[in-house]
Each structure stands twice: as structure tokens, then as C-alpha cells.
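Reader: I would like a close look at a single part of this model. Please start with the part itself and then work outwards.

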Amino acid sequence: MNCSKYFLIALLLSAPASAETILITDGLVHTGDGSAAERRDILISDGTIQRVAADLQADADTVIEANGRPVTPALFAGITASGLSEIGMVYESVDSGLNELYTGLMHPEFDVRDAYNPHASVIPVTRVEGYGYSLLSATTRDRTLAGQGSLVRFDGGFTSFEGDTVLYVNVDGDSGNKLGGSRAAHWMLLQNAFDELATTDADLTLISAAGKATLKSARKNSLFVFQANRASDLLRVIRFAQAHKLRAVISGGQQAWMVREALSDASIPVVLNAMDNLPGNFDALGARLDNAALLHEAGVTVLFTSGETHNARKVRQVAGVAVANGLPHAVAIKAMTSLPAAVFGGAERALVPGARADVVVWSGDPLDVNAAADQVIIGGQLDSMQSRQTQLLQRYLPVDAGMGRAYINP
Amino acid sequence: MLKRLAVICALLFFCPALALSEAFPSTYAAKASAPVVFRNATLLTGDGQRLDNADIYIANGAVQWLGEGEVAPDAMVVDATDRWITPGLIDVHSHLGVYPSPGVAAHSDGNEATAPVTAEVWAEHSIWPQDPGFTRALAGGVTAMQILPGSANLFGGRGVTLKNVPSTSYQGMKFPDAPYGLKMACGENPKRVYGNRNQAPSTRMGNVAAYRNAWIRAQRYMADWDRYNAAVKDAENTDPDNESSASVASAMLTNTPPKRDLELETLAGALRGDILVHMHCYRADEMLTILDMAEEFGYQVGTFHHGVEAYKVADALAANGVCGALWADWWGFKIEAYDGIQENIALVDRPEGGCAIVHSDSEEGIQRLNQEAAKAMLRGNRAGLDIPPERAIRWITSNAAKSLGIDGQTGTLRPGMMADLVLWNQDPFSVYAKPLQVYIDGALHFDRDDPALQPQSDFELGQLLGVSP
């Protein structure tokens, strides 16, 4: 096998845009940095945003007349298994977690990026809805340390990973009960594992030598995403993160509003689903629709996720629900665009000169269910706005099937 | 006649007619309510009409008039300027109460997954009325819903239609005179559940064989009862000079009644059309197979649920008078959901006679049926189908009522209908829309601005004491 040849092909497939220039005129530009939207033009070339200003005079290969329609950075799709799962219940197509054949409660060295497939149908399905990137998760929920992921761009590249390595840690009641009969087992094992970092490899019992090396490095360089909802668990996360000098993020956080001052003081962001308002279990008593608004008021960084991969496109509705329940609109737009990249170490995504040109022109308010993405631009290139689903529509929309639907090939 | 029936029942210790109509009867009673007139609203009536700057008057639990009419002097006046009013929303597919919150293992009461045919079970016997999900759905404008068994089985059992009112019993919620539903399931779920246990069905052809075998048994059961009832009638008719209850009873005794069978009673009810068939089915080809089977056994499929490929057979559904109860955008969680598109609902709505419904199957989705409908409306309009709000609202009101057989009572705002309605802060087809008030049979059951009218389940009472908001 000619490895260098394959490497070259991979490079070509993920190469940045050609020198095409795109001018978006008169957009209601949400910069994505928390500022109010303003009518602006945007000039894009070489895969980056060149200028943002009113009444730009510039030649361009493509001109998109926004005519007051909203323009945002491409959205963050939340924590997903995009590219790690073709169909949720078709197990041979799912690569997001280690199965039960793998012994051991901690596999920090398990890295889902090794299984990432940019051709998964969910990626264009999500991209045409205005999404440009996601945080890949390792989903093994009955392990304390489930593995690693990172940000990934929906640009079709095989290795379009960005930012910090993220380690997933489960410390909630559900997985704790399966694991050792108590959520305290998580903390016991985590503490033991961190203690083992100081021992010789011969003395390791909880993690492999590779796992130890990963964890040692991660302690300094990575983010730890803790899955937890109950207030007491969230406080325990804060204590553990401070004791071990870890950069921590909460995922879940249904009772985060109860400990928002402590989360704010510890500068720990929370990734939440703003639709959570039911006591799905005893960790979620008191789940409320204004969780995001309360956290934001207390100074906590809030990001959104929908808990779904195939329907990750729903996350902008999740953010809209947060706005409907008190979160400022511009804050939600920032949380859906530039802020996740900032939290997880990715590239600049606000609509400012020099930033990646991942841009969306919307038919209306990007957070409302009555609007959709009209045009997606990824890496400075116009997206085809096609997916399996748009092609199924094109096949079944005509009233006259002619020779049969199989002959209608978009 | 009633007296004679009672005598026969006393003699035989059995009376099928009474047992069918009166088992676990509804004890729902509308709350007392004052008349209310809403002034200057945007009204979506639920049957395709939109009235701007319109008034609507409700009294005695019913809609009295739209437009202009007399108002009782003691009527409450609600200024609905800039507000929208719709019928109360109806979800044809919910598992509230049978898969309640908290979703602990001991609360898992929605699938009697011990045999592929369990038509004998009734979802209502699993309902926990304290599920906090009911109150959240009320805050989302839902005034009625069908609670169904899950889809593990080919025949999952009976569904029940409820009024969304807080109650200590499901009987206190049971929608008066609503027909029962029969939950059936196509495809992956039954064959996976039983195939994994190395028992039938393990294939789609096994599914169909098992449905047909059950229908054949139900046909025999129905014939046995028809024969018996005919014999009783003959005994009455051939002895006109002696109509005493004793002689009728003696005739019945010579014709021993068939043994009552709960499973076949439900299936026979579906064959007779007394029980409405609600069938979980994703794939287009499977829906057509089921329509052929319904033809074979002479019953009507009422509604296909989930139907992510319904758009491929929208014409067949409309031609057969079958509704499609669908999601706005869920797809891809299993291979039979792989071809889901966001225009599904709009395409099922398109043909003449099409009956599209937005359903939830979700404790989250039931709180936002209006948003789900908004997404489906948007996709239809972007595909060029021109669907205004007054048309889309049917998907969560009148079409849903039709699917449940309650369209003569609710789902539409017109004189004489139950005063089940929602006052919205704005156009409901938006993420920012919220029900301000929800009325059921004319009584205000939820008011966003009045904590005294925001019900809470027993389960949530006294939790998190000492936590400051």
C-alpha cells in the first residue's frame, strides 16, 4: 500500500476552499460574540472572513443578497456521536462506545476520533440545517472514564478535529448504581486512579499503562466533561476538579441552578438541555426551564445540547426554549456559535475578520422553529444544501411519479 | 328492556353488554365554570378557519358562539388583543402515566412484553395519575390525549383517551364516551423483542402470520357471540305470547354463552369498529401490507403511528381514510426510521382527504406540540405546499380528535363543542409561544400568571425543601 498516496488524497479531500470569494450583502449579522445584531455586509475568501462592514464595495464570485435576513456563524450541534453512528440501533454502524467485552471501568485511552466517518449521512443532514461543528463524545455510560473526543467540523474532512482533547467522566447516580452500587464508587475509583498516576506501571490495577499515560497528559492538557445532574454531585465535581487542578465542564446539570454561585466561582461551564423540566429520575428533581437563564445571571457559562445525534439539528430549538424562558437572545446565539469553540479550544468562530468562514444565512430568527437555514457556507465554500433527506423529498414531492420514483434521481 | 337484562344477568351471572360498556367507567366531571367571553382574538378554529379580531364565548362547558352573540351579565371578559386562541391540543400518542417520571424500573408499565399478542391488557390499568408529565403537558396546552401501551407486542393492548385534568384515578380523567384504541405494532420492535428470545415472531413475515392468526381467532369469537346473541333473539321472537324474562333466560341457558375472553373481546371490538386501531408502523411497504390485511379481515386501520415513510404512501393513506400520526423531525434511531424527512407531515396532509397528525410519543414533545407543528408547517411551506396556520393547527386539534373518535366533542371551536381551548400569548407556531390559559370543558385549569392554577402532582410536593429558587 502506498501510504503517502492515501495521505495526499486525504489532504486533497479536506483541502480548504479555492480562492472563491463570497459577498453577503445587507445581512442582519449576529456576530456571535454576544453583541447585538446589526445590518452588515460580509466578504469571504480563502476560507476566512475578510471584512465585515456596512456597505462593503467589493467584487465577488458569488453575491448573496441577505436583504435583512439573519446571518450567524455556523451553529454548534451539541455533544453528539455525529460520524460515529450511521443508525442508532444498527449496532455494527455505531462506534461511540466500548462494549461490555472490554473489561475495566476506565479507558481514558479510548478515542472515538479513530472511528470518525465524515461520510455518515447525519453530517450533511445536520449541516444543511445550519450546523458547522459538534463535540464528539465517548458514550460508554457505565464506565467512570469513558474515553476521549474533541470538536469536529462538518466540512467533510477525515480528520477535521479541532481544539482540546476532551475526556468523558460519568459521575451521576444512574451509571454509579450500575457500576458499583453507589455513585460514591465513581469518586473512590477516580481518586484511586489519580493516586495510581504516582505509582510505577507495574502497580497499576485500575487503568492500563496507556490509560495512565493518557490521564497524566490529560490532567494538564485536556478538558474533563463530567456527566452529572444532582446538586450534590456538581459540588463534588467542583471539589475534585480543584483538588486535581482539572479544567472541568458539566454535562447535564439539571440541578445546576441550585449551585450556580459555586459553579460561577469555579468557572465551570455547563452544557445543558434547556427543555429538561421533568424529574426523569431523582437526580433531576427541580429541573426547570429557566435553568439556563439562572445560570447565566449568576455568571456561569452555558452551552446547549439536545442529547440526540440524528436529530442534533433540534438544538437550536433547545436554545430557543432557553430564550423563551429568560436567557437573552444574544447570549443564546453566542452559546450556539462561538462559545463552544472557545470553551473546547477550537478556532475563532465569531463573524470577525480572520475567523473561519463557517457562516449561515437564515430565513428568520435562527432560534425559532419557524425559520430555517437558507444557505450554509463551510470553510468559505457554498454548501450544496443537499442531504439524503433533501433528495428523498425531491423524489417524492412530484405528484406525477412518471416511470416510478426510482427514476427520479435528483 | 333494561330490567329484563338485569334479570338475565342475575340468572346467568354474566352480561356482555354491561361488562363492555361499564367496566372501569369514567368518573370525570367537568369543573364548575363561569361564562367567559374572549374579545378581539386571532382565532384558529381547528377545522381550517382563521378569524381575526374575533370574539368567542364559552358557557356551561361548551362553546356558545364565535363572532357575535349574547353574553351573560356575570361573564368574565378576557381581552385577547394580540393573543391567539386555538382548540385545546390533543396528543394521540402518549405514554404519560404508563412510562411516568421518574422513570425508575418499577415505573416501567407500558409494555406487557411477555407475549407477542396481549390484546387483553388495558393501558389504563398501568396509568399512574401522579406522573408530573401530565401537568407539564397541560402547561403546553394539551387538554386530551390517548395513553397507549408500547410497541413491543404485535397487539399491545387497549389505549385510553383522557381529559388532561389532575385526578387521583385514571377514571377521573377518562374522556366520557370516547372509544377505546387498540395498539398494534409493525416491524422491528416485536420481531426484535421476541426474536431475541428465540420465539415467534422473529421476522416481518412472522409478524404478519401472527396478526392473521389472532384475527382468525377473533373472527371465530365474534361469530360465536353473534350466533349466541342471534339465538337469544330467536328465542324472544319465536315465542311472542310468552315474553317473560324467565323464558328468555331459559332459552339462553339452552344456548350456553361462549366463554368471555378478554383478549378476543378487544380484537373482536376492533373488527366490529367499536375499538379504533392505532398501528405503530414506520415503513411504507409495511403500511400497504397492513392495509391489505385489514381488507382481508374487514376492519378499518384508524391511524398509522410514527410512519416516518408515510410520505411515500400518502395517497394510499388518504384513499383508505387512514390518518398518519407523525413526528416533525425524528429519524435515524433505527433502520426503519432511516428515510425520515421533515416534510413527512405536510406531504401526508397534501392529498384530498389526507389526515395528518403531529403526535409526540414523548414527555418532552407533548409539551410542545405547537412547536412540532410549526416545524412541519415550515417544511411544507419551504417545499411549496402553502400551508397557513389555520390548516396546520388541524394536525394537533381536529385531525387528532378524529383519530381518537372524539371529533364530535372536541378539537374544533364551534358552537356546542366542549369548551376545550388555549389562550396563547402570540401566534402559537413559534418557540416563543406559550399558553397563558388552558380551559377544559369551560373551566380554567391552567393560568400562567396564577400559581393557584398551576397543578402539581403529589410526587413533586415537598421535594427539595429548603432550596431557594
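Author: What follows goes from one sheet to one residue, then to the contact between chains and to chain A.

This is a predicted model, in which local features need pLDDT of at least 70 and side-chain atom pairs count only at pLDDT 80 or more, while totals for chains, interfaces and linings use all residues. Residues are numbered from 1 along each chain as its sequence is written, and chains are lettered from A and ligands numbered from 1 in the order in which they are written.

Start with the sheet in chain B. The sheet is open and has 8 strands, in the order S6-S7-S8-S9-S10-S11-S12-S13, with mixed pairing. Strands here are DSSP runs of E, at least two residues long, and helices are runs of H or I, at least four residues long; both are numbered from the N terminus. Two strands pair if DSSP finds at least two bridges between them. Strands of a sheet pair through backbone hydrogen bonds, either parallel or antiparallel. At the edges are S6 (89–94) and S13 (356–358) of chain B, and each pairs on one side only.

Now take one pair. S9 (residues 181–185) and S10 (residues 276–281) of chain B run parallel and share 5 bridges. Ala185(B) has His280(B) as its bridge partner in S10(B).

Next, one residue. Thr303(B) sits in S11 (residues 301–306) of chain B. Thr303(B) is buried, because 29 other C-beta atoms lie within 10 Å. The cut-offs are 20 or more such atoms within 10 Å for buried, 12 or fewer for exposed, and partly exposed in between, with C-beta atoms placed from the backbone. Neighbours within four places in sequence aside, the contacts of Thr303(B) include Val92(B), His278(B) and Ser403(B). A contact means C-beta atoms, placed from the backbone, within 7 Å. Val322(B) is another contact of Thr303(B). These two are 19 residues apart in sequence, yet 5.3 Å apart in space, C-alpha to C-alpha.

Chain B also touches chain A. The contact takes 39 residues from chain B and 33 residues from chain A. On the chain B side, H3 (133–139) and H11 (369–382) are the elements that give two or more residues. H11(B) gives the most, with 5 residues.

Finally, chain A. Its secondary structure comes to 12 helices and 16 strands. Of its 410 residues, 55% count as buried. Its C-alpha trace spans about 65 × 55 × 45 Å along the principal axes. Among contacts in chain A with a separation of 6 or more, 67% join residues 24 or more positions apart.

Conventions: Contact = placed C-beta atoms within 7 Å.
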